[in-house]
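User: Hi! I have a new model open and would like to talk through its charged pairs and helix packing. Could you walk me through it?

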Amino acid sequence: TVKKEGNTLVDDRQKNGEGEEEYNRLITPRGGEYAVVLADGTKVWVNAESELRYPVQFSGTERKVYLKGEAYFAVTKQVTKPFIVCLDQAEITVLGTSFNVKAYPEDENVVTTLVSGKVSQEYTKSEEEVILNPSDQAVYTKSSGELKVERVDVNEVICWKNGRMILKNRSLKEIFCELARWYDFEVEYRKKGVEETRFYVNMDRYDDIETVLDKLQKTNGVKFMFYGRKIVVYDNSMVK
């Protein structure tokens with residue numbers, strides 16, 4: 001059966017031997033998030049506007065799931081049965097580890113960040129394989145096949161699953177891309193270049209959007225106005 005415990009789904013059908021070939025699909029809309037406990041005990045937090053497809057029962061020699069969007073995985077260790085996350089242009093293989101994957105179809109990059117354990121990631125286009133250690137982040141550019149690995153602050157990457165957003169020295173365009181998934185709105189920039197204005201953001205994702213934008217416009221020369229589900233961004237020089 002699939003049981004709901006708070007904001008988490010617990011799938012225990014493997015224990016009962018049901019549905020060997022069945023797959024479940026968890027889809028989170030804009031503004032939503034969910035967590036699911038898979039039949040092997042692995043827990044997955046699925047961010048807004050994402051999709052996770054996973055089998056009811058992990059049969060055979062692999063545990064394979066399919067992701068579009070962003071998710072954080074805390075994988076139950078099974079030495080003889082690796083856990084594989086299939087993305088559009090990559091596969092991530094682990095035994096027991098915690099990591100974050102951001103792979104929205106519309107984004108230019110696939111970003112994998114390792115929190116603990118060890119991850120092997122193979123990219124379809126380049127057939128390149130990279131091994132990640134804790135605090136490593138692999139950024140794969142879909143169009144060029146370029147791969148970059150660097151050390152990062154993992155707390156900044158995974159804070160979304162705890163209901164926070166931390167972005168350091170990021171453009172307004174990047175920030176609004178994240179906010180739009182959480183709060184479900186469209187954005188329009190009324191002055192060329194204003195979207196490149198840089199901000200530091202540390203906020204609770206459960207604040208209402210008006211509170212979030214009020215904090216932003218007090219810090220760095222921009223003004224926001226609401227028109228239904230659209231937010232229009234002005235430079236301060238354009239608004240009296």
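Analyst: Happy to! This is a predicted model. A good place to begin is a network of salt bridges that links R30, E49, E106, D107, R181 and D184.

User: Nice. How many salt bridges are there by this rule?

Analyst: The count comes to 15.

User: Back to that network, then. Which side chain does D184 meet in a salt bridge?

Analyst: D184 pairs with R30, at 4.0 Å from N to O. The two come from distant parts of the chain, 154 residues apart. D184 is in the loop between α3 (172–183) and β17 (186–189), and R30 is in the loop between β3 (23–28) and β4 (34–37).

User: Are those two buried or exposed?

Analyst: In between, in fact. D184 is partly exposed, at a relative accessible area of 38%, and R30 is partly exposed as well, at 32%.

User: And what does E49 form a salt bridge with?

Analyst: With R181, and the closest N and O atoms are 3.7 Å apart. This pair also links distant parts of the chain, 132 residues apart: E49 sits in the loop between β5 (43–46) and β6 (50–55), while R181 belongs to helix α3.

User: Is R181 buried or exposed?

Analyst: R181 counts as buried because its relative accessibility is 3%, and the cut-off for buried is under 20%. Its partner E49 is partly exposed, with a relative accessible area of 29%.

User: What about K230, which side chain does that one meet?

Analyst: K230 meets E188 in a salt bridge, at 3.1 Å from N to O. K230 lies in strand β20 (residues 230–235) and E188 in strand β17, so this pair ties together parts 42 residues apart in sequence. Both ends are partly exposed: K230 has 29% relative accessibility, and E188 has a relative accessible area of 26%.

User: Let's switch to helices. At what angle do α3 and α4 pack?

Analyst: About 165 degrees, with the axes of α3 and helix α4 (residues 209–217) 12 Å apart. That makes α3 roughly antiparallel to α4.

User: Is the crossing left-handed or right-handed?

Analyst: The crossing of α3 and α4 is right-handed.

User: Which residues make the contact?

Analyst: From α3 there are F176, L179 and Y183, and from α4 there are I209, V212, L213 and L216. By class, the contact has seven nonpolar residues, with no polar and no charged ones.

User: Good to know. Can you zoom out a bit? How many helices and strands are in the protein?

Analyst: Four helices and 20 strands. Of the 240 residues, 49% count as buried. Taking contacts between residues at least 6 apart in sequence, 48% join residues at least 24 apart.

User: One last spot I was looking at: where is V149?

Analyst: V149 is in strand β15 (residues 147–151). V149 counts as partly exposed, at 39% relative accessibility.

User: And which residues does V149 touch, not counting those up to four places away in sequence?

Analyst: V149 touches V130, L132, D136, Q137 and A138.

User: I have I131 on screen too. How far apart are V149 and I131 in space?

Analyst: Their C-alpha atoms are 9.7 Å apart, and the two residues are 18 apart in sequence.

Conventions:
Residues are numbered from 1 along each chain as its sequence is written. This is a predicted model: local features need pLDDT of at least 70, side-chain atom pairs count only at pLDDT 80 or more; totals for chains, interfaces and linings use all residues. Side-chain values use heavy atoms; hydrogens and water are left out. Buried means under 20% relative accessible area, exposed over 50%, partly exposed in between (1.4 Å probe, protein chains only). Axes are lines fitted to C-alpha atoms, for helices over the stretch in contact, and angles run from 0 to 180 degrees between N-to-C directions. Angles under 35 degrees count as roughly parallel, over 145 as roughly antiparallel, 65 to 115 as roughly perpendicular and the rest as oblique. A crossing is left-handed if the near helix is turned anticlockwise from the far one by less than a right angle, and right-handed if clockwise. Contact means heavy atoms within 4.5 Å. Ala, Val, Leu, Ile, Met, Phe, Trp, Tyr, Cys and Pro count as nonpolar, Asp, Glu, Lys and Arg as charged, and the others, Gly among them, as polar.
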